[in-house]
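Please read the following explanation with the coordinates open, since each paragraph takes up one region and follows how its elements are joined.

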Amino acid sequence: MMAGLSKELVFLILQFLDEESYKESVHRLESESGLFCNVKYVEDLVTNGNWEELEKYLAGFIHVNDNRYSVKMLFEIRKQKYLEALDRKDHAKALEILNNELKVFKTFNEDLFKEMTLLLTMGNFRENEQLSKYTDTKSARAVLLAELKKLVDTNPDLREKCLFPGFKNSRLRLLINQSLNWQHQLCKNPKPNPEIKTLFVDHACRQSNAAQAPSPVPNQLMGSVLRVGGFQPPMQPPEAPAFLATSHGQGIVNSSHPSSLPHHPISGGALVPAAPNAADSELTLKRSRPFGIPEQNNLPTSSVMRPGQSHAYGLSPDDLPKKVILTINHASDVKSMDFHPVYQTLLLVGANTGDIALWEVGSRLRIAHKSFNVWNIATCSMALQASLANEYPVSVNRVMWSPDGRLLGVAYSKHIVHLYAYRAGNELRDHLEIEAHVGNVSDLAFAIPNRKLCIITCGEDRSIKVWDAATGANQHTFEGHGAPVYSICPHHRGNIQFIFSTSIDGKIKAWLYDDFGARLDYDAPGYTCTRMAYSSDGLRLFSCGTSNDGGSYLVEWNESEGTVKRTYLGLGKQALGVVQFDASKRLLVAGDEGLIKFWDMDNKHLLSTTNAEGGLPASPCVRFSKDGIFLAVSTSDNGVKVLANAEGLRLVRSIQNQPEAPRTASGIVAKATTITASAASSSTAGAPAGFPDRTIPIAAMVALNQDSQNLANVRSRNTDELESTNLWKPKEITEPSQLRSLRLPDNLLAVRIVRLMYANSGSAILALAYNAVHKLWKWQKTEQNTTGNATTAVPPHLWQPSSGILMTNDIRDANLEDAVPCFALSKNNSYVMSASGGKVSLFNLATFKTMTTFMHPPPAATCLVFHPDDNNIIAIGMSDSSVQIYNVRVDEVMKKLTGHQKSVTGLAFCTDKNLLVSSGADAQLCVWKTDNWEMHGSKFLQIPARRPNNPVGGTRVQFNLDQTLFMVVHGTHIAIFDPLKLDCSMQWVPRPTSGSITDAVYSCDGQSIFVSTDDGSVSVLTSQHLRLKCRINPSAYLASNPSSLLVSPNAIAAHPSDPNQVALGLSDGGICVLEPLESEKQWGNDPSTETGVAGPSTNPVAAAASSVQP
């Protein structure tokens, strides 16, 4: 008999093998150990008639001489095998089964054995009265399965072996990591970031040449190469703390039984709560096959600066945002601020009068403004109406952008929360009005649990509520605080989503998105009114609060133990209000004693202070931009000062050096007033300054016919249309002197480029060639290129790892002539998913190594796209006309979408509307709902008259910036569609001499569309009206030689942060980067602002054909 701990070790190994999908090994160990009988596996074997494997598996659990139940089970299995041989008229096989397998039962019932023998003499064994009801094999196996289940339940030797013991997922990995943590604690000279490369010997930190400070928190050990989340670089900080056991020895209950979870808060222990199913939340070794992709991941190279080690080279004065670059007079007391997560020069401000405003730091303009008003007073509660009627004004308590910057939320002092949609053109549209709480709404935040955007609020009524950001429906209400809730801080570790909340009595609670109440209950340091925040990289947790006696506490938390890791010194002891703070990736900042105070996160002592040229209140509001290059600070005279570091100053200067963007509507220019610039106005800082409202151009909407199949009212534009009116001439670029261009250096074999993209950082370009080889170019930071972004001024280098390997797709089973190459880049720029007609390959972009391959053709993958909210979910278009929703982490197809008639060549997600749009080689469009993966609608693209439709040409799709419309790229034209109605509102047809469209892409700001054509030209269109504003001829960027006449761009990519930079992948294997001249800054002008025509062509167009010029 196996000892208890040995048995448990086998169960742990079984769990590990199952999680790693080693199915054959799992079942072999189950049988050989005899500890666990997998009933599901038995069912599969019976259903499939795999009798030899079934008996081999069951031999580990039952034998003929065990008991009558075991005898009955084995007899029924062999009898079914015997009858199936008879039914197939395979008498030789039946006789073999009778003599070798059924004869053993003769000793138990000789008469039965004789009766079984007689069946061989019958032409049809159904002539036997007892077998007359035998119909077919499938039905008989189902009957056998039901009988076996009954026998299992009654078999005392087997019944208990069918139950797998309850313990948490990935338990073996957790135990190994706990062992590594313990080994690290025993190191004489523990390093903060130990290198653990093997499990075969005990870990020990080597003595470095320099003195090594001991690790302050040894148990917060990074999880080695094999960690939660798949491709984890060595010593990356853990995605979730190890919170299996508390400091009081309280364990977390079996995750497979949610009802057994504790309903009472746990005092002490880990600060982050355990989820009901926390398989991916533990500090555990995560399987390395199949591979999952974490949301955030640095390139696994030794030169990458790791979190927790970010100050190895020290902070320079240029890193601190201390230079006042802007003073804004908001005309009312500023209560909250937030920088846009993408466009860091956009600052959202909320005031005590209930108004909000959007300021553009670079251009010094107020570009949007909203005053408080109730949108629908009739739906308001009586309590809210009574509150609105009293004399106290409505104040803004909190403003916040959604993670993608498409929505903004405002929490008010009276019951209400407003959500606005921020659209291209600097327009704020009313989105949702929610009566969230009774009384004051103290705070709000956005989160994305279960891949659905939500808004979280808290308030005076002592509750926290979660709302659907699309519909406003209440999803969760958390109650348990004994005082008004002051702030909330949602976050996630791996797949675990949770919310911290703080109340004015100094209590901190943690919640999961369920109905089991608060999981943790803590006291804030000093029992203070506290706000919590994570560093901008999401890896470190801080809180800052002020007690009733004015004492303030700024601390960093150890999430694993739920204790204060570091208390920062330098805050005053007599604060008049709650001290406000914020965290970037490297710095902490707080407004205290009329000063702005900075701390290095890794040093408890005050790093620096500034008074921002004076005029600050005792406890000013402070807010970092996402990258920490800007800092907004409220002033005592109803204003805001924006401070910048060296990088922020460079960004603002580059914006100010650009030509002023048109601010017109129907040709009327809005007059601008300058903002007070502190650099030139130290004596007048804080003085009132007038700010203009930027006039918002409103796109003229094209009326659509209700019949979606009729394109009679669709505006179709040809490139020559405006030119023929003599009202507008697009800019023609024909000479190299009219633009800046750079052909990227390449010493590899030049092969036609078929796919092209920029890295999300904008500092690299990745190309896929026809021969399935990938090429990567990187720009470095230099004196000539201080940002390190892609530019035509400095050539990049063709990057290759030291191994010299090429990143090449698997094409052993591919036909390159018929293949549709495709690739996609993860959000963190670390991994590339790619295919060239063969298997789909997953590459590490730092090493060029193939991490895994999957989906053996046929069918072959024809397009790939990562889910925008989950890098482990990939939509894959296939050559068999299906779309497969594939989960990389668990290595399985979650859903197969069918509805296309030809191969799928384009995919695009819309997170705002929970949609996936797909396009086929036959120009069919399909829209799918991502919440249930059901088809929402389908239609075929209408091909303009006199334009040949190429049935094998790829049709691609891309959503615009605000995800309200999507663009369809076809060889014959560009079309703009509404994703919900599938109505086409506009289309653009190239001039006949240009040939077919080869590719098209939106600019990063969504204002332009770049279109490449067969003749080598690139057309730049306005996205709002599809008007041609510039045409770049091939003579401007191609060498003047006879061979260049045959060269054309096959792929086109837009820079992720520079709206005027575009890269072309050429048919001769080259890559060209194009930019407008420094003196011009942009590709031509918007025709609508030059001609005064705001909409598409004013001439009625009866059909798409009428706009095509001969």
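Two strands are said to pair if DSSP finds at least two bridges between them. The model is a predicted one, and with that criterion in mind the pairing of strand β55 can be followed on both of its sides. Four bridges join β55 to strand β56, residues 984-989, and the two run antiparallel; within this pairing, Ile 974 has Trp 988 in β56 as its bridge partner. The hairpin made by β55 and β56 has six residues between the strands, and in it Leu 982 takes a positive phi near 55°. Strand β54, which covers residues 966-969, also pairs with β55 in the antiparallel sense, over four bridges, with Phe 966 having Phe 977 in β55 as its bridge partner. Here too the two strands form a hairpin, with four residues between β54 and β55.

In a regular strand the side chains alternate between the two faces of the sheet. Strand β55, residues 974-977, can be read in this way, for Ile 974 and Ile 976 point one way while Ala 975 and Phe 977 point the other way, and all of them are buried.

A comparable reading applies to an open sheet of four strands, which has the order β45-β46-β47-β48 and antiparallel pairing. Its edge strands are β45 (861-867) and β48, each of which pairs on one side only, and the twist from one strand to the next averages 25°. Within this sheet, five bridges join strand β46, residues 870-878, to β47, the two running antiparallel; Ile 874 stands opposite Tyr 886 in β47, and Ala 875 has Ile 885 in β47 as its bridge partner. The hairpin of β46 and β47 has four residues between the strands, with Ser 881 taking a positive phi near 80°. Strand β47 is in turn joined by five bridges to β48, residues 892-897, again in an antiparallel arrangement, and Gln 884 has Lys 896 in β48 as its bridge partner. In the hairpin of β47 and β48, which also has four residues between the strands, Asp 891 takes a positive phi near 60°.

Why is strand β47 largely enclosed by the rest of the structure? Five of the five residues of this strand, 883-887, are buried, so the strand is largely enclosed. Val 883, Ile 885 and Asn 887 point one way from β47, whereas Gln 884 and Tyr 886 point the other way, and all are buried.

Another open sheet of four strands has the order β4-β5-β6-β7, with antiparallel pairing. Because β4 (334-339) and β7 (365-370) stand at its edges, each with a single partner strand, one side of each is left without a neighbour in the sheet. Neighbouring strands of this sheet are turned by 20° against each other on average, direction ignored. Strand β6, residues 356-360, pairs with β7 in the antiparallel sense over five bridges, and Leu 358 has Ala 368 in β7 as its bridge partner.

Edge strand β4 also takes part in a side-chain contact, since Arg 623 forms a salt bridge with Asp 338, the closest N and O atoms being 2.9 Å apart. This pair links distant parts of the chain, with Arg 623 in strand β28 (residues 622-624) and Asp 338 in strand β4, 285 residues apart. Both Arg 623 and Asp 338 are buried.

A search of the whole structure finds 43 salt bridges. One of them brings together the side chains of Arg 126 and Asp 87, at 3.1 Å from N to O. Arg 126 lies in the loop between α7 (110-118) and α8 (137-154) and Asp 87 in helix α5 (residues 68-87), so this pair ties together parts that are 39 residues apart in sequence. Asp 87 is partly exposed, with a relative accessible area of 29%. The side chains of Lys 1081 and Glu 1078 likewise meet in a salt bridge, at 2.8 Å from N to O, and Lys 1081 counts as partly exposed at 23% relative accessibility. Elsewhere, salt bridges that share partners join Arg 540, Glu 556, Lys 565, Arg 566 and Asp 602 into one network.

How many disulfides does a search of the whole structure find? The search finds zero. Among the cysteines, Cys 910 is buried with a relative accessible area of 1%, and Cys 1030 counts as buried at 0% relative accessibility.

Key
Residues are numbered from 1 along each chain as its sequence is written. This is a predicted model: local features need pLDDT of at least 70, side-chain atom pairs count only at pLDDT 80 or more; totals for chains, interfaces and linings use all residues. Side-chain values use heavy atoms; hydrogens and water are left out. Axes are lines fitted to C-alpha atoms, for helices over the stretch in contact, and angles run from 0 to 180 degrees between N-to-C directions. Buried means under 20% relative accessible area, exposed over 50%, partly exposed in between (1.4 Å probe, protein chains only). A disulfide is a pair of cysteine sulfur atoms within 2.5 Å. A salt bridge is a side-chain nitrogen of Lys or Arg within 4 Å of a carboxyl oxygen of Asp or Glu.
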